[in-house]
Amino acid sequence: RLRLLYLQGPELLEEDVEAGVVAATEEEVLGLCRDISRAAATHVFEPAPGPLCDWCAFKDTCPAFHPQVELPPPALAGPPRRAGAGRG
């Protein structure tokens with residue numbers, strides 16, 4: 001049985017789900033955790049445009065929306081900068 005509590009309501013939703021669905025969801029979440037851990041360790045965060053981009057705080061500096069943004073090499077990981085900025 002799956003229980004989901006929306007704290008803002010508060011509202012409790014309950015539903016019976018098959019074990020296979022739970023196992024598949026668990027594997028998907030664990031895969032995402034591995035991807036995030038790998039990205040954090042290597043400082044490589046590839047843009048992945050999707051429906052949540054409109055709410056993202058980094059959209060203004062995201063290379064997916066602004067190709068002129070250069071991401072620094074992982075060893076220099078810091079905030080992204082506009083292409084040509086600071087050069088001279």
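Visitor: How do you know that the end C-alpha atoms of helix 1 are as far apart as they should be?

Guide: The expected span of a helix is 1.5 Å times one less than its number of residues. Helix 1 covers residues 19–42, which is 24 residues, so it should span 34 Å. Its end C-alpha atoms are 35 Å apart, which agrees. Just after helix 1, H43 has a positive phi of about 60°.

Visitor: What kind of model is this, and how are the residues numbered?

Guide: It is a predicted model, in which local features need pLDDT of at least 70 and side-chain atom pairs count only at pLDDT 80 or more, while totals for chains, interfaces and linings use all residues. Residues are numbered from 1 along each chain as its sequence is written, and side-chain values use heavy atoms, with hydrogens and water left out.

Visitor: What does pLDDT say about the protein chain?

Guide: pLDDT is the predictor's confidence in each residue, from 0 to 100. The protein chain averages 82, and 80% of the residues score at least 70. Among the elements, strand 2 (residues 11–15) has the highest mean, 93, and strand 4 the lowest, 56.

Visitor: Why is strand 4 called a strand?

Guide: Helices (H or I, at least four residues) and strands (E, at least two) are DSSP runs, numbered from the N terminus. Strand 4 is residues 81–82, so its length meets the minimum of at least two. The protein chain holds 1 helix and 4 strands, in the order β-β-α-β-β from the N terminus on.

Visitor: What makes strand 1 and strand 2 a pair?

Guide: Two strands pair if DSSP finds at least two bridges between them. Strand 1 (residues 2–6) and strand 2 are joined by 5 bridges, so they pair. The two strands run antiparallel and form a hairpin with 4 residues between them. Within this pairing, R3 stands opposite E14.

Visitor: Why is the contact of R3 with E14 called a salt bridge?

Guide: A salt bridge is a side-chain nitrogen of Lys or Arg within 4 Å of a carboxyl oxygen of Asp or Glu. The closest N and O atoms of R3 and E14 are 3.5 Å apart, so the pair qualifies. R3 lies in strand 1 and E14 in strand 2, so the salt bridge ties together parts that are 11 residues apart in sequence.

Visitor: Why is R3 called exposed and E14 partly exposed?

Guide: Buried means under 20% relative accessible area, exposed over 50%, and partly exposed in between (1.4 Å probe, protein chains only). R3 has 56%, so it is exposed. E14 has 40%, so it is partly exposed. Of the 88 residues of the protein chain, 7% count as buried.

Visitor: What does the salt bridge between R1 and D16 tie together?

Guide: The side chains of R1 and D16 meet at 2.7 Å, N to O. R1 lies in the segment before strand 1 and D16 in the loop between strand 2 and helix 1, so the pair ties together parts that are 15 residues apart in sequence. R1, at 60%, is exposed, and D16, at 59%, is exposed.

Visitor: How many salt bridges does the structure hold?

Guide: The structure holds 6 salt bridges. One of them joins R34 and E27 at 2.8 Å, N to O. Salt bridges that share partners join R1, R3, E14 and D16 into one network.
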